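Hello,

Here is the structure we talked about. Please have a look, then read my notes below.

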Amino acid sequence: MKERIADKRVLHTKRLIRDTLTELMEEKGFEGVTVRHLTQKAKINRGTFYLHYRDKYDLLEQSENEMIQGIEEIVNDIKPMEAIAYTSQDEPFPIILKLFEYFQENASFMKVILGPKGDAAFQVKLKELIKQTFLQKIADGVSKNNMLVPVDFLISYVSAAHVGVIQHWLETGMEKSPREMTLILVKMTLFGPGYAAGLNR
């Protein structure tokens, strides 16, 4: 019981530090943030900070890795054919819906980290995750003989487009719900931008 309470305190403290980093990055950009800024704004002592992180770079890396791990856990069991079945019924594909809900829960951090004052390396990590997930599913379920374009170009297009859509949603205040965003993203991914724009129906 004591261990559980201690774990909750650690999670609460780490979340407080990450939220403080997010606010400061929005104000100053990452390079302008110091450990002193973080501890003063979060109202914790430096010893508490260094109990969990070596420095601000370790804090950023751990925060990004936690986000990537959360995304990986959600998309791990994604099946493209199921996405087609849901979308053809105009219903949101549950795994992508869960993903957008996860982004919504972590919107402040995601918006900053993917924004102009964020970390370009995180975009690379996110695109790489999408590439690897998509490549695996393509390899598992699609005949390369049926593909109209080279697989590497397709995967690069999909990963960049997905990150761009997520960025736009966050930057515009998440006016669309996770359900709406799931349908928008999956329709564009499965049917293509030409179809989505009404050009080839």
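P193 is partly exposed, with a relative accessible area of 44%. P193 sits in helix α10. Leaving aside residues up to four places away in sequence, P193 touches Y157 and M188. Please keep in mind that this is a predicted model.

Helix α10 also contributes to a nonpolar patch on the surface. The patch covers about 440 Å² and is made by M81, I84, L190, F191 and Y195. Two elements give two or more residues to it: α5 (80-88) and α10 (178-196). The larger share comes from α10, which gives the most, with three residues. F191 is a member of the patch and lies in helix α10. Is F191 buried, or partly exposed? Its relative accessible area is 36%. Buried would need a value under 20%, and exposed one over 50%, so F191 counts as partly exposed.

Now the overall picture. The protein has ten helices and zero strands. From the N terminus on, the order of elements is α-α-α-α-α-α-α-α-α-α. The C-alpha trace spans about 60 × 40 × 30 Å along its principal axes. There are 201 residues, and 38% of them are buried. The accessible surface comes to about 12,200 Å². Carbon and sulfur atoms account for 54% of that surface. As for contacts between residues at least 6 apart in sequence, 65% join residues at least 24 apart.

Next, helix α9. Does its length fit its residue count? What span should the 21 residues of α9 have, at 1.5 Å a residue? The expected span for residues 151-171 is 30 Å. The end C-alpha atoms of α9 are 30 Å apart, so the two values agree. The buried residues of α9 are I155, V158, S159, H162, V163, V165, I166, Q167, W169 and L170.

After α9 come some backbone angles to check. G173 follows α9 and has a positive phi, near 80 degrees. M174 has a positive phi too, near 55 degrees, and is not a glycine. M174 lies in the loop between α9 and α10. With a relative accessible area of 25%, M174 is partly exposed. That value falls between the 20% and 50% cut-offs, so M174 is neither buried nor exposed.

K43 is another case. Its phi is positive, about 60 degrees, although K43 is not a glycine. Most residues other than glycine have a negative phi. K43 is found in the loop between α2 (35-42) and α3 (46-52). Is K43 buried or exposed? K43 has a relative accessible area of 75% and is exposed, because exposed means over 50%.

Then the salt bridges. The structure holds eight. Here are three of them.

- D19 and R15: the closest N and O atoms are 3.2 Å apart. Both residues lie in helix α1 (residues 2-28), four residues apart, about one turn of the helix. D19 is partly exposed, at 30% relative accessible area. R15 is partly exposed as well, at 37%.
- K41 and E23: their side chains meet at 3.7 Å, N to O. This pair links distant parts of the chain, with K41 in helix α2 and E23 in helix α1, 18 residues apart. K41 is partly exposed, at 37% relative accessibility. E23 is partly exposed, at 41%.
- D90 and K187: the closest N and O atoms are 2.9 Å apart. This pair also links distant parts of the chain, 97 residues apart. D90 is in the loop between α5 and α6 (94-105), and K187 is in helix α10. D90 is partly exposed, with a relative accessible area of 40%. K187 is partly exposed, with 31%.

Which residues are linked with E23 in a network of salt bridges? They are E27 and K41.

To find your way around, you could begin at α10. That helix holds P193, F191 and K187. Then move to the loop between α9 and α10, where M174 lies. Finish at the K41 and E23 salt bridge, which links helices α2 and α1.

Best wishes

Methods
Residues are numbered from 1 along each chain as its sequence is written. This is a predicted model: local features need pLDDT of at least 70, side-chain atom pairs count only at pLDDT 80 or more; totals for chains, interfaces and linings use all residues. Side-chain values use heavy atoms; hydrogens and water are left out. Patches are made of residues with over 30% relative accessible area and no salt bridge: like charges are joined within 9 Å, nonpolar side chains (Val, Leu, Ile, Met, Phe, Trp, Tyr) within 5 Å. Accessible areas come from the Shrake-Rupley method with a 1.4 Å probe; for residues, only the protein chains shown count as cover. A salt bridge is a side-chain nitrogen of Lys or Arg within 4 Å of a carboxyl oxygen of Asp or Glu. Buried means under 20% relative accessible area, exposed over 50%, partly exposed in between (1.4 Å probe, protein chains only). The expected span of a helix is 1.5 Å times one less than its number of residues. Contact means heavy atoms within 4.5 Å.
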